[in-house]
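Please open the model in your viewer and keep the sequence panel beside it, as each stop below gives a selection to make and then describes what is found there.

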Amino acid sequence: MSSHPSTLYNFSPGPAILPREVIEAASQAVLDINGSGLSLLEVSHRGKEYDPIHEQTQKDVLELMGLSPEEYSVLFLGGGASFQFAMVPMNFLPREGFADYVNTGEWATRAIAEARHFGRVEVVASSEAEKFNYIPRDVKFHDDAAYLHLTSNNTIYGTAWHTFPETPAGVPQICDMSSDFLARPMDFSRFDLIYAGAQKNAGPAGVTLVIIRKAYTARANKNIPTILSYQTHVKNNALYNTPPVFSIYVVGQVMQWLKNLGGLTAIEAINRKKADTLYAALDGSSGFYRATVSRPSDRSWMNVPFRLPTEALEKKFLQEAEAAGFVGLKGHRSVGGCRASIYNAFPQAGVDAFVGFLAEFARKNG
Ligand SMILES: *Cc1c(COP(=O)(O)O)cnc(C)c1O
(Lines give C-alpha, C1' and ligand atoms only; values in the text may rest on other atoms or scores of the structure.)
Protein backbone atom coordinates (compact mmCIF):
# COMPACT_ATOMS: atom_id res chain seq x y z
CA MET A 1 0.00 0.00 0.00
CA SER A 2 1.17 3.51 -0.74
CA SER A 3 1.30 5.93 2.11
CA HIS A 4 -0.07 9.42 1.77
CA PRO A 5 -1.11 12.17 4.17
CA SER A 6 -4.52 11.62 5.74
CA THR A 7 -5.96 14.77 4.19
CA LEU A 8 -5.37 15.26 0.47
CA TYR A 9 -6.22 18.44 -1.37
CA ASN A 10 -6.61 17.86 -5.08
CA PHE A 11 -5.50 20.84 -7.21
CA SER A 12 -5.57 18.86 -10.47
CA PRO A 13 -6.41 20.86 -13.61
CA GLY A 14 -8.66 18.16 -15.09
CA PRO A 15 -9.97 15.61 -14.59
CA ALA A 16 -10.41 17.41 -11.32
CA ILE A 17 -11.90 17.36 -7.88
CA LEU A 18 -15.58 16.48 -7.49
CA PRO A 19 -17.77 16.89 -4.40
CA ARG A 20 -17.34 13.86 -2.12
CA GLU A 21 -21.10 13.32 -1.94
CA VAL A 22 -21.25 13.16 -5.73
CA ILE A 23 -18.57 10.47 -5.83
CA GLU A 24 -20.48 8.52 -3.18
CA ALA A 25 -23.75 8.79 -5.12
CA ALA A 26 -21.95 7.68 -8.30
CA SER A 27 -20.46 4.67 -6.51
CA GLN A 28 -23.90 3.69 -5.25
CA ALA A 29 -25.48 4.12 -8.69
CA VAL A 30 -22.91 1.75 -10.16
CA LEU A 31 -24.03 -0.87 -7.65
CA ASP A 32 -27.77 -0.20 -7.80
CA ILE A 33 -29.59 2.60 -9.56
CA ASN A 34 -32.50 3.93 -7.50
CA GLY A 35 -33.33 0.61 -5.86
CA SER A 36 -33.91 -1.10 -9.22
CA GLY A 37 -31.52 -3.94 -8.45
CA LEU A 38 -29.61 -3.01 -11.61
CA SER A 39 -26.38 -1.11 -12.10
CA LEU A 40 -26.49 2.22 -13.90
CA LEU A 41 -23.89 0.66 -16.20
CA GLU A 42 -26.23 -2.07 -17.44
CA VAL A 43 -29.52 -0.31 -18.14
CA SER A 44 -30.88 1.00 -21.44
CA HIS A 45 -30.39 4.65 -22.29
CA ARG A 46 -34.04 4.59 -23.36
CA GLY A 47 -35.39 2.84 -20.30
CA LYS A 48 -37.25 3.90 -17.17
CA GLU A 49 -34.16 3.92 -14.94
CA TYR A 50 -32.14 6.27 -17.14
CA ASP A 51 -34.92 8.47 -18.59
CA PRO A 52 -35.44 10.69 -15.54
CA ILE A 53 -31.65 11.16 -15.14
CA HIS A 54 -31.35 12.49 -18.69
CA GLU A 55 -34.30 14.86 -18.39
CA GLN A 56 -33.48 16.15 -14.91
CA THR A 57 -29.85 16.84 -15.85
CA GLN A 58 -30.89 18.85 -18.91
CA LYS A 59 -33.47 20.73 -16.86
CA ASP A 60 -31.03 21.53 -14.04
CA VAL A 61 -28.28 22.72 -16.39
CA LEU A 62 -30.66 25.22 -18.00
CA GLU A 63 -32.19 26.25 -14.68
CA LEU A 64 -28.77 27.02 -13.21
CA MET A 65 -27.90 29.03 -16.33
CA GLY A 66 -31.20 30.89 -16.32
CA LEU A 67 -32.03 29.69 -19.84
CA SER A 68 -35.36 28.43 -21.08
CA PRO A 69 -35.83 24.88 -22.39
CA GLU A 70 -38.02 26.32 -25.13
CA GLU A 71 -35.06 28.28 -26.46
CA TYR A 72 -32.06 26.08 -25.66
CA SER A 73 -31.12 22.41 -25.88
CA VAL A 74 -28.57 20.60 -23.72
CA LEU A 75 -26.55 17.98 -25.59
CA PHE A 76 -24.17 15.38 -24.19
CA LEU A 77 -21.52 14.70 -26.79
CA GLY A 78 -18.34 12.66 -26.93
CA GLY A 79 -14.84 13.57 -28.03
CA GLY A 80 -14.13 16.21 -25.41
CA ALA A 81 -14.09 19.95 -25.86
CA SER A 82 -11.44 19.37 -28.54
CA PHE A 83 -14.09 17.73 -30.68
CA GLN A 84 -16.14 20.93 -30.54
CA PHE A 85 -13.18 22.83 -31.98
CA ALA A 86 -13.95 20.97 -35.24
CA MET A 87 -17.71 20.46 -34.92
CA VAL A 88 -18.44 24.18 -34.48
CA PRO A 89 -16.87 25.30 -37.79
CA MET A 90 -18.10 22.18 -39.60
CA ASN A 91 -21.64 23.26 -38.75
CA PHE A 92 -21.38 27.03 -38.80
CA LEU A 93 -18.43 28.24 -40.87
CA PRO A 94 -19.50 28.56 -44.51
CA ARG A 95 -16.80 28.02 -47.16
CA GLU A 96 -17.23 31.53 -48.52
CA GLY A 97 -17.52 33.21 -45.12
CA PHE A 98 -15.27 33.74 -42.12
CA ALA A 99 -15.41 33.61 -38.33
CA ASP A 100 -13.85 35.86 -35.68
CA TYR A 101 -11.73 34.15 -33.03
CA VAL A 102 -9.95 35.68 -30.04
CA ASN A 103 -6.73 33.86 -29.23
CA THR A 104 -6.29 33.82 -25.46
CA GLY A 105 -4.39 30.58 -25.01
CA GLU A 106 -3.47 27.09 -26.09
CA TRP A 107 -7.05 25.84 -26.34
CA ALA A 108 -8.15 28.86 -28.36
CA THR A 109 -5.13 28.30 -30.63
CA ARG A 110 -6.30 24.75 -31.25
CA ALA A 111 -9.87 25.89 -31.91
CA ILE A 112 -8.51 28.31 -34.52
CA ALA A 113 -6.40 25.61 -36.19
CA GLU A 114 -9.43 23.32 -36.50
CA ALA A 115 -11.66 26.08 -37.88
CA ARG A 116 -9.09 26.75 -40.62
CA HIS A 117 -9.85 23.30 -42.05
CA PHE A 118 -13.32 24.57 -42.92
CA GLY A 119 -12.93 28.19 -43.89
CA ARG A 120 -11.39 31.55 -43.14
CA VAL A 121 -10.59 32.66 -39.62
CA GLU A 122 -9.96 36.23 -38.55
CA VAL A 123 -7.97 36.35 -35.33
CA VAL A 124 -9.34 39.68 -34.10
CA ALA A 125 -7.13 39.77 -31.00
CA SER A 126 -4.36 37.68 -29.50
CA SER A 127 -2.33 37.84 -26.31
CA GLU A 128 0.17 35.30 -27.61
CA ALA A 129 3.10 37.75 -27.83
CA GLU A 130 2.86 38.22 -24.03
CA LYS A 131 2.61 34.49 -23.35
CA PHE A 132 -1.16 34.80 -23.00
CA ASN A 133 -0.84 36.53 -19.63
CA TYR A 134 -3.68 39.00 -20.18
CA ILE A 135 -7.12 39.34 -21.73
CA PRO A 136 -7.22 41.64 -24.78
CA ARG A 137 -9.12 44.92 -24.44
CA ASP A 138 -11.14 46.86 -27.02
CA VAL A 139 -11.43 43.98 -29.45
CA LYS A 140 -12.92 45.02 -32.79
CA PHE A 141 -15.18 42.29 -34.10
CA HIS A 142 -16.53 42.19 -37.66
CA ASP A 143 -20.25 42.73 -38.04
CA ASP A 144 -20.35 40.36 -41.02
CA ALA A 145 -18.62 37.37 -39.38
CA ALA A 146 -20.45 34.04 -39.50
CA TYR A 147 -19.89 33.82 -35.73
CA LEU A 148 -17.36 34.84 -33.09
CA HIS A 149 -15.58 32.49 -30.71
CA LEU A 150 -14.30 33.13 -27.19
CA THR A 151 -12.71 31.05 -24.43
CA SER A 152 -14.12 32.20 -21.10
CA ASN A 153 -11.33 30.83 -18.91
CA ASN A 154 -7.82 29.98 -20.05
CA THR A 155 -6.93 26.91 -18.08
CA ILE A 156 -3.21 26.79 -18.80
CA TYR A 157 -2.39 30.50 -18.47
CA GLY A 158 -4.87 31.44 -15.75
CA THR A 159 -6.73 34.31 -17.37
CA ALA A 160 -10.49 34.79 -17.63
CA TRP A 161 -12.99 37.16 -19.17
CA HIS A 162 -14.72 38.62 -16.11
CA THR A 163 -16.62 40.97 -18.40
CA PHE A 164 -17.27 39.79 -21.92
CA PRO A 165 -16.37 42.20 -24.72
CA GLU A 166 -18.78 44.38 -26.66
CA THR A 167 -19.78 42.55 -29.81
CA PRO A 168 -21.78 43.54 -32.90
CA ALA A 169 -25.49 42.80 -32.74
CA GLY A 170 -26.59 39.90 -34.88
CA VAL A 171 -23.30 37.98 -34.90
CA PRO A 172 -23.77 34.58 -33.23
CA GLN A 173 -21.51 34.09 -30.21
CA ILE A 174 -19.85 30.82 -29.30
CA CYS A 175 -17.88 30.16 -26.14
CA ASP A 176 -15.63 27.39 -24.85
CA MET A 177 -16.45 27.34 -21.12
CA SER A 178 -14.68 24.09 -20.29
CA SER A 179 -12.77 25.33 -17.28
CA ASP A 180 -15.21 27.75 -15.65
CA PHE A 181 -18.59 26.32 -16.58
CA LEU A 182 -21.12 27.29 -13.90
CA ALA A 183 -18.49 28.95 -11.68
CA ARG A 184 -20.44 32.22 -11.47
CA PRO A 185 -23.60 33.80 -12.82
CA MET A 186 -23.25 35.40 -16.23
CA ASP A 187 -25.50 36.39 -19.08
CA PHE A 188 -25.45 33.03 -20.81
CA SER A 189 -28.20 34.18 -23.17
CA ARG A 190 -25.73 36.28 -25.16
CA PHE A 191 -24.34 32.99 -26.49
CA ASP A 192 -25.84 30.83 -29.21
CA LEU A 193 -23.60 27.90 -28.44
CA ILE A 194 -21.65 27.10 -25.27
CA TYR A 195 -19.53 24.00 -24.87
CA ALA A 196 -17.65 22.55 -21.93
CA GLY A 197 -15.78 19.31 -21.39
CA ALA A 198 -17.27 18.11 -18.11
CA GLN A 199 -14.05 17.00 -16.46
CA LYS A 200 -12.92 20.42 -15.23
CA ASN A 201 -15.89 21.84 -13.39
CA ALA A 202 -18.98 19.77 -14.06
CA GLY A 203 -18.32 16.05 -13.80
CA PRO A 204 -16.08 13.26 -15.06
CA ALA A 205 -14.36 12.86 -18.42
CA GLY A 206 -16.39 11.29 -21.21
CA VAL A 207 -19.07 13.89 -21.80
CA THR A 208 -19.02 17.38 -23.26
CA LEU A 209 -21.93 19.64 -22.50
CA VAL A 210 -23.21 21.63 -25.45
CA ILE A 211 -25.87 24.25 -24.77
CA ILE A 212 -27.23 25.47 -28.06
CA ARG A 213 -29.95 27.89 -29.08
CA LYS A 214 -32.42 25.75 -31.00
CA ALA A 215 -33.11 28.44 -33.58
CA TYR A 216 -29.38 28.66 -34.32
CA THR A 217 -29.20 25.02 -35.46
CA ALA A 218 -31.39 25.93 -38.43
CA ARG A 219 -28.41 27.86 -39.82
CA ALA A 220 -26.09 24.85 -39.70
CA ASN A 221 -24.50 23.37 -42.78
CA LYS A 222 -26.75 20.55 -44.07
CA ASN A 223 -24.08 18.80 -46.07
CA ILE A 224 -22.24 17.08 -43.23
CA PRO A 225 -22.44 13.62 -41.65
CA THR A 226 -25.56 13.07 -39.54
CA ILE A 227 -23.68 12.31 -36.35
CA LEU A 228 -21.68 15.54 -36.61
CA SER A 229 -24.70 17.79 -37.08
CA TYR A 230 -26.01 19.65 -34.03
CA GLN A 231 -29.44 19.50 -35.64
CA THR A 232 -29.44 15.71 -35.34
CA HIS A 233 -28.74 15.84 -31.64
CA VAL A 234 -31.21 18.65 -30.95
CA LYS A 235 -33.98 16.85 -32.86
CA ASN A 236 -33.35 13.65 -30.94
CA ASN A 237 -33.10 15.33 -27.54
CA ALA A 238 -29.48 14.20 -27.13
CA LEU A 239 -30.47 10.56 -27.65
CA TYR A 240 -29.64 10.07 -31.33
CA ASN A 241 -27.19 7.39 -30.30
CA THR A 242 -26.13 5.97 -26.93
CA PRO A 243 -24.96 8.88 -24.79
CA PRO A 244 -22.31 8.45 -22.06
CA VAL A 245 -24.89 7.62 -19.40
CA PHE A 246 -22.53 7.23 -16.45
CA SER A 247 -20.83 10.58 -17.09
CA ILE A 248 -24.21 12.25 -17.53
CA TYR A 249 -25.38 10.79 -14.23
CA VAL A 250 -22.39 12.31 -12.44
CA VAL A 251 -22.97 15.68 -14.14
CA GLY A 252 -26.57 15.46 -12.91
CA GLN A 253 -25.34 14.91 -9.36
CA VAL A 254 -23.01 17.91 -9.63
CA MET A 255 -25.99 20.02 -10.79
CA GLN A 256 -27.97 18.84 -7.74
CA TRP A 257 -25.05 19.73 -5.51
CA LEU A 258 -24.83 23.21 -7.06
CA LYS A 259 -28.56 23.78 -6.65
CA ASN A 260 -28.43 22.67 -3.02
CA LEU A 261 -25.61 25.14 -2.39
CA GLY A 262 -27.78 27.95 -3.70
CA GLY A 263 -26.89 28.01 -7.38
CA LEU A 264 -24.43 30.22 -9.21
CA THR A 265 -24.69 33.22 -6.89
CA ALA A 266 -23.66 31.01 -3.98
CA ILE A 267 -20.80 29.32 -5.83
CA GLU A 268 -19.57 32.70 -7.07
CA ALA A 269 -19.14 33.93 -3.49
CA ILE A 270 -17.30 30.72 -2.57
CA ASN A 271 -15.05 30.88 -5.64
CA ARG A 272 -14.31 34.58 -5.19
CA LYS A 273 -13.18 34.02 -1.61
CA LYS A 274 -10.92 31.09 -2.52
CA ALA A 275 -9.30 33.04 -5.35
CA ASP A 276 -8.88 36.19 -3.23
CA THR A 277 -7.24 34.18 -0.46
CA LEU A 278 -4.79 32.50 -2.79
CA TYR A 279 -3.82 35.56 -4.87
CA ALA A 280 -3.39 37.60 -1.68
CA ALA A 281 -0.93 35.00 -0.38
CA LEU A 282 1.05 35.00 -3.63
CA ASP A 283 1.04 38.80 -3.98
CA GLY A 284 1.96 39.21 -0.32
CA SER A 285 5.02 36.95 -0.47
CA SER A 286 7.49 39.79 -1.20
CA GLY A 287 8.11 38.34 -4.64
CA PHE A 288 8.99 34.81 -3.53
CA TYR A 289 5.91 33.57 -5.36
CA ARG A 290 4.82 35.36 -8.52
CA ALA A 291 1.35 34.91 -10.01
CA THR A 292 2.02 34.88 -13.76
CA VAL A 293 -1.07 37.00 -14.49
CA SER A 294 -0.48 40.39 -12.95
CA ARG A 295 -3.64 42.33 -13.85
CA PRO A 296 -6.16 41.37 -11.14
CA SER A 297 -9.16 41.92 -13.43
CA ASP A 298 -7.81 39.30 -15.86
CA ARG A 299 -7.06 36.65 -13.26
CA SER A 300 -8.86 33.33 -13.39
CA TRP A 301 -10.68 32.20 -10.24
CA MET A 302 -10.26 28.61 -11.34
CA ASN A 303 -6.61 28.18 -12.37
CA VAL A 304 -3.86 30.08 -10.59
CA PRO A 305 -0.45 29.65 -12.22
CA PHE A 306 2.58 30.89 -10.31
CA ARG A 307 6.35 30.75 -10.32
CA LEU A 308 9.07 30.52 -7.70
CA PRO A 309 12.48 32.21 -7.96
CA THR A 310 14.17 29.21 -9.66
CA GLU A 311 13.16 25.97 -11.37
CA ALA A 312 15.10 24.05 -8.74
CA LEU A 313 12.97 25.62 -6.03
CA GLU A 314 9.83 24.84 -8.01
CA LYS A 315 10.83 21.19 -8.15
CA LYS A 316 11.45 21.13 -4.40
CA PHE A 317 8.20 22.97 -3.78
CA LEU A 318 6.16 20.47 -5.81
CA GLN A 319 7.76 17.53 -4.02
CA GLU A 320 7.22 18.93 -0.54
CA ALA A 321 3.69 20.07 -1.38
CA GLU A 322 2.78 16.59 -2.54
CA ALA A 323 4.27 15.02 0.59
CA ALA A 324 2.14 17.42 2.64
CA GLY A 325 -1.04 16.39 0.81
CA PHE A 326 -1.32 19.15 -1.83
CA VAL A 327 -1.49 17.24 -5.11
CA GLY A 328 -1.83 18.17 -8.79
CA LEU A 329 0.11 21.45 -8.58
CA LYS A 330 2.50 21.00 -11.48
CA GLY A 331 2.05 23.61 -14.22
CA HIS A 332 0.99 22.54 -17.70
CA ARG A 333 3.84 20.84 -19.56
CA SER A 334 3.90 23.65 -22.12
CA VAL A 335 4.59 26.40 -19.56
CA GLY A 336 6.17 24.76 -16.50
CA GLY A 337 6.01 26.29 -13.04
CA CYS A 338 3.12 25.62 -10.69
CA ARG A 339 -0.64 25.91 -11.04
CA ALA A 340 -3.31 25.58 -8.38
CA SER A 341 -6.68 24.69 -9.89
CA ILE A 342 -9.44 25.55 -7.45
CA TYR A 343 -12.64 24.57 -9.25
CA ASN A 344 -16.14 24.71 -7.76
CA ALA A 345 -15.71 21.59 -5.65
CA PHE A 346 -12.38 22.66 -4.17
CA PRO A 347 -12.92 23.64 -0.51
CA GLN A 348 -11.91 26.92 1.16
CA ALA A 349 -10.27 24.79 3.88
CA GLY A 350 -7.87 23.45 1.25
CA VAL A 351 -6.93 26.96 0.15
CA ASP A 352 -6.42 28.03 3.78
CA ALA A 353 -4.21 25.03 4.49
CA PHE A 354 -2.26 25.63 1.27
CA VAL A 355 -1.69 29.28 2.10
CA GLY A 356 -0.14 28.12 5.38
CA PHE A 357 2.10 25.75 3.45
CA LEU A 358 3.13 28.55 1.04
CA ALA A 359 4.20 30.77 3.93
CA GLU A 360 6.12 27.99 5.64
CA PHE A 361 7.96 27.00 2.45
CA ALA A 362 8.85 30.63 1.70
CA ARG A 363 10.14 31.14 5.25
CA LYS A 364 12.42 28.08 4.99
CA ASN A 365 13.64 28.70 1.44
CA GLY A 366 13.41 32.47 0.93
C1 LIG B 1 -9.25 21.14 -21.10
C2 LIG B 1 -9.76 22.12 -22.08
C3 LIG B 1 -10.07 21.75 -23.41
C4 LIG B 1 -9.83 20.37 -23.94
O5 LIG B 1 -10.74 19.49 -23.40
P6 LIG B 1 -10.82 17.96 -23.84
O7 LIG B 1 -12.12 17.56 -23.22
O8 LIG B 1 -9.64 17.27 -23.28
O9 LIG B 1 -10.84 17.90 -25.32
C10 LIG B 1 -10.59 22.72 -24.23
N11 LIG B 1 -10.77 23.97 -23.81
C12 LIG B 1 -10.49 24.36 -22.56
C13 LIG B 1 -10.72 25.77 -22.15
C14 LIG B 1 -9.97 23.44 -21.65
O15 LIG B 1 -9.68 23.83 -20.40
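## A tour from strand to ligand

Begin by selecting Y101 together with H149, since these two residues stand opposite each other, H149 being in β5. Residues are numbered from 1 along each chain as its sequence is written, and side-chain values use heavy atoms, with hydrogens and water left out. The model is a predicted one, in which local features need pLDDT of at least 70 and side-chain atom pairs count only at pLDDT 80 or more, while totals for chains, interfaces and linings use all residues.

Widen the selection to the two strands, β3 and β5 (residues 148-151), which pair in the parallel sense over two bridges. Strands here are DSSP runs of E with at least two residues, helices are runs of H or I with at least four, and both are numbered from the N terminus; two strands count as paired if DSSP finds at least two bridges between them.

Now keep β3 (residues 98-103) alone: six of its six residues are buried, so the strand is largely enclosed by the rest of the structure. Buried stands for under 20% relative accessible area, exposed for over 50%, and partly exposed for what is in between, with a 1.4 Å probe and protein chains only. In a regular strand the side chains alternate between the two faces of the sheet. Colouring β3 by direction shows F98, D100 and V102 pointing one way and A99, Y101 and N103 the other.

Next add β4 (residues 120-126), which pairs with β3 in the parallel sense over six bridges. Within this pairing, A99 stands opposite V121, and D100 stands opposite E122. To travel from β3 to β4, the chain passes through helix α4 (residues 106-115), and this β-α-β crossover is right-handed, meaning that, with the strands pointing away from the viewer, the path from the first strand over the helix to the second runs clockwise.

## The ligand

Select the ligand and the 13 residues around it, of which S82, T155, D176, Q199 and K200 come nearest; a residue is counted as near if one of its heavy atoms lies within 4 Å. By class, this shell has three nonpolar, eight polar and two charged residues. Helix α3 (80-92) and helix α5 (198-201) each supply at least two residues of the shell, and α3 gives the most, with four.

For the individual distances, display T155 first, where a polar side-chain atom lies 2.4 Å from an oxygen atom of the ligand. An N or O atom in the side chain of K200 is 2.6 Å from a ligand oxygen, and the corresponding distance for the side chain of Q199 is 2.9 Å. The protein covers 88% of the 390 Å² of accessible area that the ligand has on its own, an area computed by the Shrake-Rupley method with a 1.4 Å probe.

## Two further stops

Move to E70, in the loop between α2 (51-65) and β2 (72-77). Is E70 buried or exposed? E70 is exposed, with a relative accessible area of 64%. Adding R213 lets you compare C-alpha positions: the two residues are 143 apart along the chain, and their C-alpha atoms are separated by 9.1 Å.

Finally, select the three strands that form an open antiparallel sheet in the order β11-β12-β14. Its edge strands are β11 (290-291) and β14 (338-341), each pairing on one side only. Between β11 and β12 (residues 303-307) the antiparallel pairing runs over two bridges, and A291 stands opposite F306 in β12.

Notes: A polar contact is a pair of N or O atoms within 3.5 Å; within protein, one must be able to donate a hydrogen and the other to accept it, and residues adjacent in sequence count only if both atoms are side-chain atoms. Ala, Val, Leu, Ile, Met, Phe, Trp, Tyr, Cys and Pro count as nonpolar, Asp, Glu, Lys and Arg as charged, and the others, Gly among them, as polar.
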